[in-house]
Amino acid sequence: MNASGIKALLLDLDDTLFDDSHATHQAFSAFIGPHAARFAESEPELFRRWRACVDRHWRRFEAGELTIEQQRHERLRDFLGLPHIAEDVAARLFQPYMDAYRRHRRLTPGAADFLDATRHLIRIIVSNGGAEQQQAKLAHLGIAHHFRHVVTVEDAGAAKPDPRIFRHALALESLAPEHCLMVGDDLERDIEPARRLGMAACHVSHDRHAAVFQQLSEQLHTHEH
């Protein structure tokens, strides 16, 4: 990466700056309590199955087949094996999950220092999450002021890895791809499409946040103008 040419950071949110894995684990533990007796599997086994349901229906949301709320209810129906649960019942059953998820929102290790160290750059969130939920996370975490823009599926009409969401973000500040660095945790959605467009890209793998953010901060600070 040629840090001297970087003018802007495009940043994923979930499991890049926001510790979605932690919040999801805590939310699932709160949710599964009343339903655990239905299943023979252990909680770790149930969580793996829950993640599979999340991934399956999240992709449907990304494709525009479901709203953000519908994908939550669809994953619940799928997981419980109760496909005909009414919307109001699904919402009520899902509420403990949402309440616990919100209680356990936190930054990933090193994210706060990284954002402070890169104030000289334009920062844009590029997320496949719902706009309202992502804005609420940024406000709760106290980092909303760092970002010039928050780009979501609703804004761009496309989800990562579709190049349209990246081009939408670049166009907001008339940025050339070669002057941008994409930072994210997902190779398929964040890293590979950014590189195909000509951006630099940095993969933040699980449990490596603090080290990666520190290294990036040093590289980008060294070339600050």
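**Asn128 and the parallel sheet**

Asn128 sits in the loop that connects strand 2 with helix 6 (131-141). The model is a predicted one. Asn128 counts as buried because its relative accessible area is 5%, below the 20% cut-off. Strand 2 belongs to an open sheet of five strands with parallel pairing, in the order 3-2-1-4-5.

**Surroundings of Asn128**

- The side chains of Asn128 and Glu62 are joined by a polar contact of 2.7 Å.
- At 2.8 Å, the side chain of Asn128 also reaches the backbone nitrogen of Lys160.
- Leaving aside residues up to four places away in sequence, Asn128 touches Trp58, Phe61, Glu62, Val153, Ala159, Lys160, Ile165 and Arg189.

**The sheet**

- The open sheet has five strands, ordered 3-2-1-4-5.
- Its edges are strand 3 (149-151) and strand 5 (200-203), each of which pairs on one side only.
- On average, neighbouring strands of this sheet are turned by 20° against each other, direction ignored.
- Four bridges link strand 1 (residues 8-11) to strand 2 (residues 122-126) in the parallel sense.
- Leu10 stands opposite Ile124 of strand 2.

**Helices on the sheet**

- Helix 8 (residues 163-172) packs on the sheet and touches strand 1, strand 2, strand 3 and strand 4 (180-184).
- The direction of helix 8 makes about 165° with that of strand 3.
- Helix 9 (residues 187-196) lies across strand 4 and strand 5, and runs at about 155° to strand 5.

Note on methods. Residues are numbered from 1 along each chain as its sequence is written. This is a predicted model: local features need pLDDT of at least 70, side-chain atom pairs count only at pLDDT 80 or more; totals for chains, interfaces and linings use all residues. Side-chain values use heavy atoms; hydrogens and water are left out. Two strands pair if DSSP finds at least two bridges between them. Helices (H or I, at least four residues) and strands (E, at least two) are DSSP runs, numbered from the N terminus. Axes are lines fitted to C-alpha atoms, for helices over the stretch in contact, and angles run from 0 to 180 degrees between N-to-C directions. Contact means heavy atoms within 4.5 Å. Buried means under 20% relative accessible area, exposed over 50%, partly exposed in between (1.4 Å probe, protein chains only). A polar contact is a pair of N or O atoms within 3.5 Å; within protein, one must be able to donate a hydrogen and the other to accept it, and residues adjacent in sequence count only if both atoms are side-chain atoms.
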